[in-house]
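Subject: Structure for you to look at

Hello,

Here is the structure I said I would pass on. Please open it next to this message, since the notes below are meant to be read against it.

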Amino acid sequence: MIQNAPDLISAIRNRFAHVDACPFQGERIFFENAGGALTLKSVVETSGFYAAIPDNQGRDNVAAHALVKTINKAKADLAVFMNAGSGQFFVGESGTELLFRMIRTACVNAPKGGKVIGSSIEHPASRSAARRWADIAGLEYVNVQHQDETGLVRPEDYAARVTPDVAVATIIHASPVTGMGMDVAGISKAIRAVAPDCFIIVDGIQHAAHGQLDLDAYDVDGYAISPYKVFSRHGFGVAWISDRLTMQPHDQLIDAPATGWEFGTRDTGAYATMSDVVAYFDWLGGEVSDAENPRQRIEAAGRAIHAYETHLTDTMINGTGNLPGLRDMPHVQILGGADNPAREGLVSIVVEGMASPDVVTMLNEQGIRTHTRKADHYSGNVLDPMGLTDCIRISMCHYNTEQEVSALLGALKSVGEAG
């Protein structure tokens, strides 16, 4: 839908700040979306407006009442965006901090001698929290090994390791290294078939920008996103928790309401920007469908985004015009395989005979922004088993274009010719 509508692509790009130029570098193509997506212009305006307001929530004055109304609207908007029929939303320092907090609470309230299960494909945001708090709470950590060749962990992989004494489980919705999306609903179902009371917490940070969020379908207890990766800004994270996790004993002030999970006065502007993000998805859904209500439009937007980003990654892998795709460049290795339907707008590669940081520098000199992932504490769990010290991550969103993909292919083709 999007790929056949140049006017729509232009309208989409016009809603984002710095879509084709960096204020420090000048003109550039932005293929670093997994490191932090572009920011909506409406988010920039909203942030400036609320940053200037001196009032706090919870006071008896007109401004304070308006701030509370803004926060409540954002929570309602998030419930529509993520299809959450119950539970609550709250904000914290970052997506990573919120994952630690949810996992910590689940672990310290778990039955003694129980188990925590997670997978080797997970980002350290959830994996580190699960292993740390399993040790502190006296729980056994169970690792589910992902498939190196596909970059995936599957429901059957969890099913093979889960036991009735598993009290806490972690799942990553999409890997920021391989770009592959996991079957969260299927994994959750596999866990609950054996351990129905398990607390299941999901890292949705990489997945959120690609749409298609459906908490009611996942049957989980916690889900975290990082707004700067879904068209908002840095400085906060958003979490959803189930009613069951809400009521578990957790860190809070003495005599505070039992359902409260936030610490101190939060930034109303942070909440308000999430309403901007939801409004954007609603707008896009109206452009690609005739849906009559916000949730249906958001679902339509998610489908269109997925289809278009698949088109972009397929073009990058298979080529376009007289430009060969990555799969036809003998000097390029594609992580997760060339034909992988789980891919979500991201292709990670290795260039034979060149260190990945050198390739990233070369591309940057040509105005193409990508990123190096190294076999460190962030990505070693994925790269080490493949014998790789690093890779080049090329991450896209639906505001990127075929012309930008062509520029990248031309640059990478020249690397092979020079070699």
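What follows covers the two sheets, one helix with a buried arginine, and the empty spaces. Please keep in mind that this is a predicted model.

Seven-stranded sheet

One open sheet has seven strands in the order β4-β10-β9-β8-β7-β5-β6, and its pairing is mixed. At its edges are β4 and β6 (140–144), each of which pairs on one side only. Ignoring direction, neighbouring strands here are turned by 20° against each other on average. Inside the sheet, strand β5 (residues 115–119) runs parallel to β7, and three bridges join the two. If you want a place to check the register, take I117, whose bridge partner in β7 is A169.

Four-stranded sheet

A second open sheet is built from four strands in the order β13-β14-β17-β16, with antiparallel pairing. Which strands stand at the edges? They are β13 (332–334) and β16 (371–374); each has a single partner strand, so one side of each is left without a neighbour in the sheet. From one strand to the next, the twist averages 40°.

The partner of β16 is β17 (residues 390–395): the two run antiparallel and are joined by four bridges. Within that pair, K374 stands opposite D390 in β17.

Two helices lie across strands of this sheet. Helix α11 (residues 294–318) lies across β13, β14 (346–351) and β17, and runs at about 20° to β14. Helix α12 (residues 356–365) lies across β14, β16 and β17, at about 35° to β17.

Helix α7 and R192

Helix α7 spans residues 184–194, and its buried residues are V184, G186, I187, S188, A190, I191 and R192. These buried residues pack against three helices and two strands: α6 (155–159), α8 (215–218) and α9 (243–246), together with β7 (166–172) and β8 (199–203).

R192 deserves a separate look. Is this residue of α7 buried or exposed? Its relative accessible area is 13%, and the cut-off for buried is under 20%, so R192 counts as buried. Leaving aside neighbours within four places in sequence, R192 is in contact with D197, C198, I200, D219, V220, D221 and R244. Of these contacts, D219 is 27 residues away in sequence, with a C-alpha to C-alpha distance of 8.9 Å from R192.

Pockets

The largest pocket has a volume of about 350 Å³. It is lined by 23 residues, and those closest to its centre are T96, H123, I205, Y228 and K229. Both α4 (95–108) and β16 supply at least two residues of this lining; β16 is also an edge strand of the four-stranded sheet. By class, the lining of the largest pocket divides into nine nonpolar, nine polar and five charged residues.

The second largest pocket holds about 270 Å³ of space. Its lining has 14 residues, with A256, P257, G260, W261 and E262 nearest the centre. Strand β4 (residues 88–92) gives the most to this lining, with three residues, and β4 is one of the edge strands of the seven-stranded sheet. The lining of the second largest pocket has seven nonpolar, five polar and two charged residues.

Cavities

How many cavities of 30 Å³ or more does the structure hold? There are two.

The largest cavity has about 60 Å³ of space. It is lined by N33, A34, I205, Q206, A209, H210, K229, G345, S395, M396 and C397. Five of the lining residues are nonpolar, five are polar and one is charged. I205 and K229 belong to this lining and are also among the residues closest to the centre of the largest pocket.

About 50 Å³ lies in the second largest cavity. The residues around it are H207, H210, Q212, H306, E309, T310, R343, E344 and G345. No nonpolar residue is found in this lining, which has six polar and three charged residues. H210 and G345 line the second largest cavity and the largest cavity as well.

Regards

How values were computed
Residues are numbered from 1 along each chain as its sequence is written. This is a predicted model: local features need pLDDT of at least 70, side-chain atom pairs count only at pLDDT 80 or more; totals for chains, interfaces and linings use all residues. Side-chain values use heavy atoms; hydrogens and water are left out. Two strands pair if DSSP finds at least two bridges between them. Axes are lines fitted to C-alpha atoms, for helices over the stretch in contact, and angles run from 0 to 180 degrees between N-to-C directions. Contact means heavy atoms within 4.5 Å. On a 1 Å grid over the protein atoms alone, a cavity is a set of points where a 1.4 Å probe fits but cannot get out, and a pocket is an open set with protein on both sides within 12 Å along at least five of seven lines; lining residues have an atom within 4 Å of a point. Grid points are joined across faces, edges and corners, and a volume is the space filled by probe spheres set on the points. Ala, Val, Leu, Ile, Met, Phe, Trp, Tyr, Cys and Pro count as nonpolar, Asp, Glu, Lys and Arg as charged, and the others, Gly among them, as polar. Buried means under 20% relative accessible area, exposed over 50%, partly exposed in between (1.4 Å probe, protein chains only).
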